[in-house]
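Here's a walk through a protein model, starting from the inside and working outwards. Have your viewer ready and follow along.

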Amino acid sequence: MAENYDYDCLVIGAGPGGYVAAIRAAQLGLKTACVESRETLGGTCLNVGCIPSKALLHGSELFDEAAGGHFAKWGITAKPKLDLGVMMAEKDKAVGELTGGIEFLFKKNKVTWIKGHAAFEDAHSVKVGKDTVTAKDIVIATGSSVTPLPGVEVDNAAKRIVDSTGALELEEVPEHLVVIGGGVIGLELGSVWRRLGAKVTVIEFLDQLLPGMDADVRKEAGKIFKKQGMELMLSHKVTGAKATAKGVTLSVEKSAGGDEQTIKASHVLVSIGRQPNTEGLALDKIGIETNKRGQIEVGHDFRTKVDGVWAIGDCVPGPMLAHKAEDEGIACAENVAGETGIINHDVIPGVVYTMPEFADVGMTEADAKEAGHTVKVGKFPMMANSRAKANRDTDGFVKIIADAETDRVLGVHIVASLAGTMIAEAAVAMEFGATSEDIAYTCHAHPTHAEAVKEAAMAVTGKPIHM
């Protein structure tokens with residue numbers, strides 16, 4: 001099929017969007033290659049993001065249950081001793097197994113891995129090192145990288161001021177970790193080190209944690225993390241940081257300016273967001289400009305304005321989530337192959353993998369009202385859920401937002417130890433246009449955390465049973 005080209009489809013980047021797009025394109029009969037500069041496949045997510053952070057979250061949760069009193073509550077006496085090297089090795093093992101798995105899938109599906117950086121020569125050819133590679137269609141899936149903070153220089157090698165990558169490789173538990181940014185990454189990694197014994201201070205520019213999430217969820221997050229021992233400096237900003245071999249001195253002031261103070265820490269994590277990796281692609285050679293956020297604008301089918309060039313994942317508008325990139329990768333590959341690939345961007349769940357977890361899908365209550373909906377809201381506390389009560393694990397709630405006229409579910413927001421798993425039910429329901437009544441009258445197994453979703457749906461019309 002490649003005719004005068006080396007490949008039918010060339011994917012730039014082997015992260016969750018890129019490797020999935022490449023595999024799907026090959027499954028559909030296209031001669032496919034993927035350009036990736038890392039030594040291993042999987043992009044940020046598998047190598048230095050989603051996977052290693054979840055491994056450390058799990059390990060630190062086990063340690064905290066033993067050291068923090070949950071074991072004792074069940075009559076189990078334990079005095080755990082932390083071997084950080086073993087925990088880190090187990091994390092690395094998980095990463096290796098998964099990245100190696102993708103390499104196996106490439107071979108199985110006959111996807112060629114071209115190692116190096118790609119830069120466009122024209123719409124159908126890229127330069128990788130000294131070689132030129134051509135393709136009928138090229139998919140840009142270059143992901144994103146950490147957003148720098150002026151006045152705070154990250155040096156992962158020195159292990160004092162680190163970004164998310166460096167925070168996964170610390171060789172000691174920080175005495176005092178300052179997390180700059182109260183979003184998903186900062187709270188996840190901050191919670192890892194807090195559970196392992198660090199004092200943690202979170203400095204957030206806004207007046208609440210978790211920007212973009214529902215107001216009730218953000219309020220609950222503040223309560224929970226304070227209860228867990230994190231110091232929260234909301235409505236503050238870091239204006240500078242100086243690292244030495246022994247620690248870091250930070251300059252902090254209120255977000256509006258003024259009241260400058262100095263904070264001393266052993267380590268600092270910079271986690272103020274991520275930015276698209278679009279530099280170095282030589283997009284100017286094919287006439288593509290990025291928007292103000294550095295993203296590549298695409299149509300609903302992921303086509304750029306240049307025929308034969310497509311883009312997906314973190315380098316295009318939308319939430320920077322691995323599963324969003326994966327679904328876009330499948331849809332884009334299907335479009336490249338001449339089929340119809342679709343993704344519903346209104347139903348993409350998001351999860352914060354702390355303990356408890358915070359998960360959402362669809363609109364916040366404020367978003368729904370701003371969009372012109374008259375809403376009705378059902379809320380059910382995990383305190384009233386039988387399984388959560390039995391597990392002595394009752395933080396959080398389920399909140400369902402529905403249109404007051406049609407009863408169609410517009411958004412679901414969950415705070416619970418299993419919120420990331422529970423949100424899948426809500427996503428499926430919303431994908432099929434469910435009403436709150438549909439969920440309320442669907443039988444849920446007892447006793448499960450998921451019953452809280454059913455009860456919240458019943459609460460939309462004011463009739464929960466267990467509250």
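Start with the largest nonpolar core of this predicted model. It holds 34 residues, and the ones touching the most other members are Trp-193, Val-202, Leu-209, Leu-210 and Phe-358. Several elements each put at least two residues into this core: the helices α3 (50–67), α5 (84–108), α7 (184–195) and α8 (215–227), along with the strands β9 (176–180) and β10 (199–204).

Val-202 is a good place to zoom in. Setting aside neighbours within four places in sequence, what is Val-202 in contact with? On one side of the sequence there are Val-179, Gly-181, Gly-182 and Leu-187. The list then goes on with Leu-209 and the run Met-230, Glu-231, Leu-232 and Met-233.

Now zoom out to the whole chain. You're looking at 14 helices and 22 strands, and the C-alpha trace spans about 70 × 60 × 45 Å along its principal axes. Does the overall size fit a compact globule or depart from one? For 467 residues, the globule rule puts the radius of gyration near 23 Å, and the chain has 23 Å, so the two agree. Of those 467 residues, 51% count as buried. Take the contacts between residues at least 6 apart in sequence, and 63% of them join residues at least 24 apart.

On the outside, the chain exposes about 21500 Å², with carbon and sulfur atoms supplying 52% of that area. As for charge, there are 48 positive and 63 negative side chains, and the centres of the two sets sit 5 Å apart.

Finally, some backbone oddities. Most residues other than glycine have a negative phi, and most peptide bonds are trans. With that in mind, have a look at the bond from Met-355 to Pro-356, which is cis with omega near 0 degrees. Pro-356 lies in the loop between β18 (350–352) and β19 (357–362). A cis bond also joins His-446 and Pro-447, with omega about 0 degrees, and here the proline falls in the loop between α13 (436–440) and α14 (451–460).

Then there's phi. Ser-235 has a positive value, near 55 degrees, and is found in the loop between β11 (231–234) and β12 (236–243). Its relative accessibility is 28%, so Ser-235 counts as partly exposed, the class between under 20% and over 50%. Ala-282 also has a phi near 55 degrees, and its place is the loop between β16 (274–276) and β17 (309–311).

Methods. Residues numbered from 1 in each chain as written. Predicted model: local features only at pLDDT ≥ 70, side-chain atom pairs only at ≥ 80, totals over all residues. Heavy atoms only, no water. Helix = DSSP H or I, 4+ residues; strand = E, 2+ residues; numbered from the N terminus. Rg over C-alpha atoms; globule rule 2.2 N^0.38 Å. Buried < 20%, exposed > 50% of the residue type's maximum accessible area, 1.4 Å probe, protein only. Contact = heavy atoms within 4.5 Å. Areas by Shrake-Rupley, 256 points an atom, 1.4 Å probe, with all protein chains shown as cover. Lys, Arg positive; Asp, Glu negative; His and termini not counted. Charge placed at Lys NZ, Arg CZ, Asp CG, Glu CD. Core = buried A, V, L, I, M, F, W, Y, C linked by side-chain atoms within 4.5 Å.
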